[in-house]
Amino acid sequence: MANQLHRALAAKILRYVRTSGLQAGHHLTEASLSDVLGTSRGPIRAALALLIEDGYVQQMPNRGFFLGNVIAEPTLPAAEQDASSDDEALYLSIADDRLMGNIARTVSEPDLMRRYDISRPRLRRILTRIATEGWIERREGRGWSFVQLIDSVEAYRESYELRQMLEPAGLINDSFKLDETILSRLRQQQVMVRDGGWKSLSQIELFETNAQFHEGLAQMSGNRFLLGTIERQNQLRRLVEYRQTLNREQVRGQNNEHLDILDTLEKGLRFEASQILAHHLGNAKNRKARSAIFESAIE
(Lines give C-alpha, C1' and ligand atoms only; values in the text may rest on other atoms or scores of the structure.)
Protein backbone atom coordinates (compact mmCIF):
# COMPACT_ATOMS: atom_id res chain seq x y z
CA MET A 1 0.00 0.00 0.00
CA ALA A 2 2.83 2.43 0.88
CA ASN A 3 4.48 1.83 -2.49
CA GLN A 4 1.17 2.52 -4.25
CA LEU A 5 0.84 5.82 -2.38
CA HIS A 6 4.39 6.77 -3.35
CA ARG A 7 3.63 5.90 -6.97
CA ALA A 8 0.54 8.13 -6.89
CA LEU A 9 2.64 10.92 -5.41
CA ALA A 10 5.27 10.44 -8.12
CA ALA A 11 2.53 10.91 -10.72
CA LYS A 12 1.52 14.15 -8.97
CA ILE A 13 5.10 15.39 -9.14
CA LEU A 14 5.23 14.72 -12.89
CA ARG A 15 1.90 16.47 -13.31
CA TYR A 16 3.24 19.49 -11.43
CA VAL A 17 6.35 19.47 -13.64
CA ARG A 18 4.25 19.49 -16.82
CA THR A 19 1.71 22.07 -15.67
CA SER A 20 4.52 24.39 -14.55
CA GLY A 21 6.48 24.01 -17.79
CA LEU A 22 9.63 23.01 -15.93
CA GLN A 23 12.54 22.13 -18.19
CA ALA A 24 15.26 19.47 -18.08
CA GLY A 25 17.89 20.36 -15.50
CA HIS A 26 15.47 22.11 -13.15
CA HIS A 27 16.47 21.65 -9.50
CA LEU A 28 13.72 19.82 -7.59
CA THR A 29 13.87 20.23 -3.81
CA GLU A 30 12.00 18.21 -1.22
CA ALA A 31 10.99 21.43 0.56
CA SER A 32 9.44 23.06 -2.52
CA LEU A 33 7.59 19.90 -3.55
CA SER A 34 6.35 19.46 0.01
CA ASP A 35 4.91 22.98 -0.04
CA VAL A 36 3.26 22.51 -3.44
CA LEU A 37 1.80 19.06 -2.81
CA GLY A 38 1.02 19.46 0.88
CA THR A 39 2.92 16.31 1.82
CA SER A 40 5.75 15.73 4.27
CA ARG A 41 9.30 15.25 2.99
CA GLY A 42 9.44 11.50 3.70
CA PRO A 43 6.84 10.51 1.08
CA ILE A 44 8.29 13.11 -1.32
CA ARG A 45 11.71 11.47 -0.99
CA ALA A 46 10.22 8.03 -1.67
CA ALA A 47 8.36 9.34 -4.74
CA LEU A 48 11.52 10.96 -6.07
CA ALA A 49 13.30 7.62 -5.67
CA LEU A 50 10.67 6.03 -7.93
CA LEU A 51 11.13 8.82 -10.49
CA ILE A 52 14.87 8.19 -10.43
CA GLU A 53 14.21 4.50 -11.18
CA ASP A 54 11.92 5.52 -14.05
CA GLY A 55 14.53 7.88 -15.48
CA TYR A 56 12.61 11.14 -15.01
CA VAL A 57 14.84 12.50 -12.24
CA GLN A 58 18.57 12.39 -11.55
CA GLN A 59 20.19 12.65 -8.14
CA MET A 60 23.61 14.28 -8.01
CA PRO A 61 25.78 13.76 -4.91
CA ASN A 62 25.79 16.80 -2.62
CA ARG A 63 23.65 18.74 -5.10
CA GLY A 64 20.20 17.21 -4.94
CA PHE A 65 17.55 16.18 -7.46
CA PHE A 66 17.38 17.43 -11.03
CA LEU A 67 14.70 17.00 -13.63
CA GLY A 68 15.28 14.90 -16.71
CA ASN A 69 13.43 15.43 -19.98
CA VAL A 70 9.70 15.37 -19.17
CA ILE A 71 8.07 17.19 -22.07
CA ALA A 72 5.24 14.80 -22.88
CA GLU A 73 3.15 12.40 -20.87
CA PRO A 74 5.27 9.53 -19.48
CA THR A 75 5.61 6.69 -21.97
CA LEU A 76 5.23 3.21 -20.51
CA PRO A 77 6.15 -0.17 -21.98
CA ALA A 78 3.30 -1.70 -23.99
CA ALA A 79 2.30 -4.13 -21.26
CA GLU A 80 2.23 -1.35 -18.67
CA GLN A 81 0.27 0.91 -21.03
CA ASP A 82 -2.39 -1.78 -21.37
CA ALA A 83 -2.55 -2.19 -17.59
CA SER A 84 -2.71 1.56 -17.10
CA SER A 85 -5.51 1.87 -19.67
CA ASP A 86 -7.46 -0.92 -17.97
CA ASP A 87 -6.98 0.74 -14.58
CA GLU A 88 -8.20 4.06 -15.98
CA ALA A 89 -11.32 2.38 -17.37
CA LEU A 90 -12.00 0.74 -14.00
CA TYR A 91 -11.41 4.03 -12.19
CA LEU A 92 -13.96 5.77 -14.40
CA SER A 93 -16.44 2.91 -14.02
CA ILE A 94 -16.29 3.24 -10.24
CA ALA A 95 -16.66 7.01 -10.58
CA ASP A 96 -19.70 6.72 -12.84
CA ASP A 97 -21.35 4.06 -10.67
CA ARG A 98 -20.87 6.19 -7.57
CA LEU A 99 -22.22 9.36 -9.23
CA MET A 100 -25.25 7.42 -10.53
CA GLY A 101 -25.91 5.90 -7.11
CA ASN A 102 -25.19 2.36 -8.28
CA ILE A 103 -22.69 1.86 -5.47
CA ALA A 104 -23.57 2.41 -1.82
CA ARG A 105 -21.63 4.99 0.17
CA THR A 106 -20.02 2.22 2.23
CA VAL A 107 -18.57 -0.73 0.31
CA SER A 108 -16.44 -3.78 0.98
CA GLU A 109 -13.54 -5.00 -1.11
CA PRO A 110 -15.16 -8.43 -1.76
CA ASP A 111 -18.31 -6.71 -3.08
CA LEU A 112 -16.27 -4.53 -5.43
CA MET A 113 -14.15 -7.47 -6.55
CA ARG A 114 -17.30 -9.38 -7.52
CA ARG A 115 -18.95 -6.38 -9.15
CA TYR A 116 -15.99 -5.59 -11.41
CA ASP A 117 -14.54 -9.11 -11.62
CA ILE A 118 -11.04 -8.03 -10.57
CA SER A 119 -8.33 -9.18 -8.19
CA ARG A 120 -7.78 -7.65 -4.76
CA PRO A 121 -4.31 -6.22 -5.63
CA ARG A 122 -5.69 -4.43 -8.67
CA LEU A 123 -8.72 -3.15 -6.76
CA ARG A 124 -6.51 -1.81 -3.99
CA ARG A 125 -4.33 -0.05 -6.54
CA ILE A 126 -7.39 1.80 -7.84
CA LEU A 127 -8.80 2.50 -4.37
CA THR A 128 -5.44 3.90 -3.29
CA ARG A 129 -5.56 6.35 -6.18
CA ILE A 130 -9.12 7.33 -5.28
CA ALA A 131 -8.14 7.78 -1.62
CA THR A 132 -5.19 9.96 -2.68
CA GLU A 133 -7.62 12.16 -4.63
CA GLY A 134 -9.83 12.48 -1.57
CA TRP A 135 -13.17 10.94 -2.53
CA ILE A 136 -12.98 7.68 -0.60
CA GLU A 137 -11.67 6.80 2.86
CA ARG A 138 -10.76 3.51 4.50
CA ARG A 139 -13.03 2.72 7.44
CA GLU A 140 -11.55 1.91 10.83
CA GLY A 141 -13.20 -1.47 10.70
CA ARG A 142 -13.66 -3.14 7.35
CA GLY A 143 -14.39 -1.66 3.98
CA TRP A 144 -14.28 1.78 2.41
CA SER A 145 -16.54 4.83 2.59
CA PHE A 146 -17.12 7.33 -0.23
CA VAL A 147 -17.21 10.96 0.82
CA GLN A 148 -20.07 13.30 -0.10
CA LEU A 149 -19.48 14.64 -3.62
CA ILE A 150 -20.60 17.68 -5.58
CA ASP A 151 -22.85 15.73 -7.89
CA SER A 152 -25.66 18.06 -9.00
CA VAL A 153 -26.20 21.55 -10.38
CA GLU A 154 -27.64 22.63 -7.04
CA ALA A 155 -24.58 21.32 -5.21
CA TYR A 156 -22.37 23.21 -7.67
CA ARG A 157 -24.30 26.42 -7.01
CA GLU A 158 -23.92 26.04 -3.26
CA SER A 159 -20.22 25.25 -3.58
CA TYR A 160 -19.60 28.34 -5.70
CA GLU A 161 -21.65 30.52 -3.36
CA LEU A 162 -19.45 29.37 -0.49
CA ARG A 163 -16.28 30.03 -2.47
CA GLN A 164 -17.57 33.42 -3.62
CA MET A 165 -18.12 34.38 0.02
CA LEU A 166 -14.73 33.19 1.23
CA GLU A 167 -12.05 33.43 -1.47
CA PRO A 168 -12.38 37.17 -2.28
CA ALA A 169 -12.46 37.96 1.45
CA GLY A 170 -9.15 36.13 1.83
CA LEU A 171 -7.43 38.67 -0.44
CA ILE A 172 -8.42 41.58 1.83
CA ASN A 173 -7.92 39.72 5.10
CA ASP A 174 -5.77 41.57 7.65
CA SER A 175 -3.41 38.58 7.74
CA PHE A 176 -2.96 38.47 3.96
CA LYS A 177 0.69 38.45 2.92
CA LEU A 178 1.89 38.46 -0.66
CA ASP A 179 4.27 35.51 -0.87
CA GLU A 180 6.69 35.92 -3.77
CA THR A 181 7.40 32.19 -3.90
CA ILE A 182 3.73 31.28 -4.20
CA LEU A 183 3.06 34.15 -6.59
CA SER A 184 5.94 33.10 -8.84
CA ARG A 185 4.75 29.50 -8.91
CA LEU A 186 1.17 30.48 -9.76
CA ARG A 187 2.31 32.85 -12.48
CA GLN A 188 4.62 30.24 -13.97
CA GLN A 189 1.74 27.78 -14.22
CA GLN A 190 -0.71 30.30 -15.64
CA VAL A 191 1.79 31.57 -18.22
CA MET A 192 2.41 27.97 -19.26
CA VAL A 193 -1.35 27.54 -19.78
CA ARG A 194 -1.53 30.83 -21.71
CA ASP A 195 1.38 29.91 -23.96
CA GLY A 196 -0.13 26.67 -25.21
CA GLY A 197 -0.95 24.56 -22.17
CA TRP A 198 -4.66 25.30 -22.66
CA LYS A 199 -4.38 23.19 -25.82
CA SER A 200 -1.80 20.56 -24.82
CA LEU A 201 -2.42 19.73 -21.15
CA SER A 202 -4.80 16.93 -20.23
CA GLN A 203 -8.12 17.59 -18.54
CA ILE A 204 -6.78 16.35 -15.21
CA GLU A 205 -3.67 18.54 -15.51
CA LEU A 206 -5.77 21.62 -16.29
CA PHE A 207 -7.98 20.89 -13.30
CA GLU A 208 -4.93 20.55 -11.04
CA THR A 209 -3.52 23.85 -12.33
CA ASN A 210 -6.83 25.54 -11.64
CA ALA A 211 -7.11 24.04 -8.17
CA GLN A 212 -3.56 25.05 -7.26
CA PHE A 213 -4.26 28.64 -8.36
CA HIS A 214 -7.21 29.03 -5.99
CA GLU A 215 -5.46 27.17 -3.19
CA GLY A 216 -2.40 29.41 -3.62
CA LEU A 217 -4.52 32.55 -3.21
CA ALA A 218 -6.15 31.05 -0.12
CA GLN A 219 -2.74 30.16 1.32
CA MET A 220 -1.62 33.81 1.11
CA SER A 221 -4.73 34.87 3.05
CA GLY A 222 -2.98 33.84 6.26
CA ASN A 223 -6.01 31.84 7.39
CA ARG A 224 -5.33 28.11 7.55
CA PHE A 225 -9.03 27.29 7.76
CA LEU A 226 -9.75 29.13 4.53
CA LEU A 227 -7.05 27.14 2.78
CA GLY A 228 -8.46 23.88 4.18
CA THR A 229 -11.96 24.79 3.00
CA ILE A 230 -10.84 25.54 -0.56
CA GLU A 231 -8.78 22.35 -0.70
CA ARG A 232 -11.85 20.42 0.41
CA GLN A 233 -14.08 22.05 -2.21
CA ASN A 234 -11.56 21.12 -4.90
CA GLN A 235 -11.59 17.52 -3.70
CA LEU A 236 -15.39 17.42 -3.80
CA ARG A 237 -15.70 18.80 -7.34
CA ARG A 238 -12.77 16.88 -8.79
CA LEU A 239 -14.63 13.75 -9.83
CA VAL A 240 -17.42 15.41 -11.78
CA GLU A 241 -15.00 17.79 -13.50
CA TYR A 242 -12.96 14.84 -14.76
CA ARG A 243 -16.06 13.46 -16.49
CA GLN A 244 -17.06 16.58 -18.40
CA THR A 245 -16.31 17.42 -22.03
CA LEU A 246 -13.52 19.99 -21.93
CA ASN A 247 -14.17 23.44 -23.40
CA ARG A 248 -10.62 24.63 -24.07
CA GLU A 249 -11.61 28.09 -25.29
CA GLN A 250 -13.38 28.62 -21.99
CA VAL A 251 -10.27 27.46 -20.14
CA ARG A 252 -8.32 30.05 -22.12
CA GLY A 253 -10.65 32.83 -20.98
CA GLN A 254 -10.43 31.74 -17.36
CA ASN A 255 -6.66 31.69 -17.63
CA ASN A 256 -6.71 35.35 -18.72
CA GLU A 257 -8.75 36.19 -15.62
CA HIS A 258 -6.28 34.32 -13.42
CA LEU A 259 -3.40 36.36 -14.83
CA ASP A 260 -5.40 39.57 -14.33
CA ILE A 261 -5.85 38.69 -10.65
CA LEU A 262 -2.11 38.05 -10.24
CA ASP A 263 -1.22 41.30 -12.04
CA THR A 264 -3.55 43.26 -9.78
CA LEU A 265 -2.17 41.67 -6.63
CA GLU A 266 1.39 42.46 -7.68
CA LYS A 267 0.42 46.13 -7.97
CA GLY A 268 -0.73 46.05 -4.35
CA LEU A 269 -4.38 46.48 -5.30
CA ARG A 270 -5.86 43.81 -3.07
CA PHE A 271 -9.41 45.20 -2.98
CA GLU A 272 -9.54 45.38 -6.78
CA ALA A 273 -8.11 41.84 -7.05
CA SER A 274 -10.79 40.67 -4.62
CA GLN A 275 -13.50 42.18 -6.84
CA ILE A 276 -12.08 40.50 -9.95
CA LEU A 277 -11.99 37.15 -8.11
CA ALA A 278 -15.58 37.55 -6.93
CA HIS A 279 -16.71 38.29 -10.51
CA HIS A 280 -14.63 35.36 -11.78
CA LEU A 281 -16.32 32.89 -9.40
CA GLY A 282 -19.75 34.42 -9.98
CA ASN A 283 -19.51 33.85 -13.71
CA ALA A 284 -18.60 30.21 -13.11
CA LYS A 285 -21.53 29.78 -10.71
CA ASN A 286 -23.98 31.26 -13.24
CA ARG A 287 -22.76 28.96 -16.01
CA LYS A 288 -23.38 25.91 -13.84
CA ALA A 289 -26.77 27.06 -12.59
CA ARG A 290 -28.16 27.86 -16.05
CA SER A 291 -28.16 24.26 -17.21
CA ALA A 292 -29.79 21.05 -16.05
CA ILE A 293 -26.53 19.30 -16.89
CA PHE A 294 -23.02 20.20 -15.88
CA GLU A 295 -21.24 22.72 -18.03
CA SER A 296 -17.92 21.67 -19.56
CA ALA A 297 -15.79 24.30 -17.85
CA ILE A 298 -13.07 23.39 -15.40
CA GLU A 299 -13.40 26.52 -13.26
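Q: What makes a crossing left-handed or right-handed?
A: A crossing is left-handed if the near helix is turned anticlockwise from the far one by less than a right angle, and right-handed if clockwise. In this predicted model, α8 passes α9 in a left-handed crossing.

Q: Why are α8 and α9 called roughly antiparallel?
A: Helix α8 (residues 180-200) and helix α9 (residues 203-220) pack at about 155°. Angles over 145 degrees count as roughly antiparallel. The pair α8 and α9 therefore earns that label. Their axes are 10 Å apart.

Q: Which residues make the contact between α8 and α9?
A: From α8 come I182, L183, R185, L186, Q189, Q190, V193, G197 and W198. From α9 come L206, T209, Q212, F213, G216, L217, Q219 and M220. Heavy atoms within 4.5 Å are what counts as contact.

Q: How many residues of each class does the contact of α8 with α9 have?
A: The split is 9 nonpolar, 7 polar and 1 charged. Gly counts as polar and Arg as charged. So G197 and G216, both in the contact, fall among the polar residues, while R185 of α8 falls under charged.

Q: What is the relation of α8 to α11, roughly parallel or roughly antiparallel?
A: The axes of α8 and helix α11 (residues 248-266) cross at roughly 155° and come within 10 Å. The cut-off is over 145 degrees. These two helices are therefore roughly antiparallel. The crossing of α8 past α11 is left-handed.

Q: How do the residues of the contact of α8 with α11 divide by class?
A: They divide into 8 nonpolar, 5 polar and 8 charged. On the α8 side the contact includes R187, R194 and K199. On the α11 side it includes R248, E249, R252, D263 and E266. Asp, Glu, Lys and Arg count as charged, so these residues belong to that class.

Q: What makes α9 and α11 roughly parallel?
A: Their axes cross at roughly 20°. Under 35 degrees counts as roughly parallel, so α9 is given that label against α11. The axes come within 12 Å. Again the crossing is left-handed, with α9 passing α11.

Q: Which residues of α9 and α11 meet?
A: L206, N210, F213, H214, L217 and M220 in α9 meet R248, V251, H258, I261, L262 and L265 in α11. That contact has 8 nonpolar, 3 polar and 1 charged residues.

Q: How do you know that β1 and β3 pair?
A: At least two bridges are needed for two strands to pair. β1 and strand β3 (residues 64-67) have 2, in the antiparallel sense. L28 stands opposite F65 in β3. β2 and β3 also pair in the antiparallel sense, over 4 bridges. There, F65 is the bridge partner of Q59.

Q: Why are β1 and β2 called edge strands?
A: The open sheet has the order β1-β3-β2. β1 (27-28) and β2 (57-60) each pair on one side only. Helix α3 (residues 41-54) packs on this sheet and touches β1, β2 and β3.

Q: What makes the pair of Y91 and W135 edge-to-face?
A: The ring centres lie 5.8 Å apart, and the limit for a pair is 6.5 Å. The planes stand at 75°. Over 60 degrees counts as edge-to-face, so the name applies.

Q: Why does the pair of Y91 and W135 tie together parts that are apart in sequence?
A: Y91 lies in helix α4 (residues 78-99), whereas W135 lies in the loop between α6 (120-133) and β5 (136-138), so the parts tied together are 44 residues apart in sequence.

Note on methods:
Residues are numbered from 1 along each chain as its sequence is written. This is a predicted model: local features need pLDDT of at least 70, side-chain atom pairs count only at pLDDT 80 or more; totals for chains, interfaces and linings use all residues. Side-chain values use heavy atoms; hydrogens and water are left out. Axes are lines fitted to C-alpha atoms, for helices over the stretch in contact, and angles run from 0 to 180 degrees between N-to-C directions. Angles under 35 degrees count as roughly parallel, over 145 as roughly antiparallel, 65 to 115 as roughly perpendicular and the rest as oblique. Rings of Phe, Tyr and Trp (its six-membered ring) pair if their centres lie within 6.5 Å; planes under 30 degrees apart count as stacked, over 60 as edge-to-face and the rest as tilted.
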